[in-house]
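Some questions follow on how the terms used for this fold are justified.

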Amino acid sequence: MLTSYYTVKGDGENEIVIQKSRFIAHVKRTTTEEEAQDFIQSIKKTHHNATHNCSAYLIGEHDLIQKANDDGEPSGTAGVPMLEVLKKRHLKDTTVVVTRYFGGIKLGAGGLIRAYGQSVSEGLNETGIVERKLMTRMITKIDYTLLGKVENEIRSSNYLLDDIHYLEQVQVITFVESGSEDTFREWMTNLTSGQATIIEDGQLYNEYDV
């Protein structure tokens, strides 16, 4: 698993007008090619009377699945420039569809490349980008006499305090960036003079706005 990567915050939409043509960028986070294709088809259905519904997507940790479709625009003027924007922004698991309603003025190959690239870029800005960091859930079991000290130190640190369970012993739940588990364990052991039991309890991704 990647320790961190960038993707879109969620679903988004943004419209720009260039030389009387409407370009509507639709953005969605998609983790499988099936999700990407379903999203593309849903946009095509909604905008069935549009001149073009061009698309691009990157799927997978190492971008093993990447597709671009010009949907009737001159070859290489829509889908590929859209895909290039995703790559330049270092995004993963992202699908974009740009719907074009032709305004009567031809843009030429260079104009189309710029228009589709701009449409995707502004659509991504409107949707928002997040960094997903792989975190390890750490459970620290301590006596109640240590809770105040431990809680204060965690809140003042770079670690993320998630929850506190008040059981026979207090269980302090902390998220630690993947690869920093041993550092956290040593820090907590020193903080409690060796009076803590520290357990790793799985991993998940936390999201942070970019």
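Q: What is the strand order of the open sheet, and in which sense do its strands pair?
A: The five strands run in the order S2-S3-S6-S4-S5, with antiparallel pairing. Helices (H or I, at least four residues) and strands (E, at least two) are DSSP runs, numbered from the N terminus. The model is predicted: local features need pLDDT of at least 70, side-chain atom pairs count only at pLDDT 80 or more, and totals for chains, interfaces and linings use all residues. Residues are numbered from 1 along each chain as its sequence is written, and side-chain values use heavy atoms, without hydrogens and water.

Q: Why are S2 and S5 described as standing at the edges?
A: S2 and strand S5 (65-69) each have a single partner strand, so one side of each lacks a neighbour in the sheet.

Q: What makes S4 and S6 a pair?
A: Two strands pair if DSSP finds at least two bridges between them. S4 and S6 have seven bridges, in the antiparallel sense, so the definition is met. Leu58 stands opposite Thr94 in S6.

Q: What makes the set that includes Phe23 and Met82 a nonpolar core?
A: A nonpolar core is a set of buried Ala, Val, Leu, Ile, Met, Phe, Trp, Tyr and Cys residues joined through side-chain atoms within 4.5 Å, where buried means under 20% relative accessible area, exposed over 50% and partly exposed in between (1.4 Å probe, protein chains only). The largest such core has 24 residues, and Phe23 and Met82 are among those touching the most other members. Its largest share, five residues, comes from H3.
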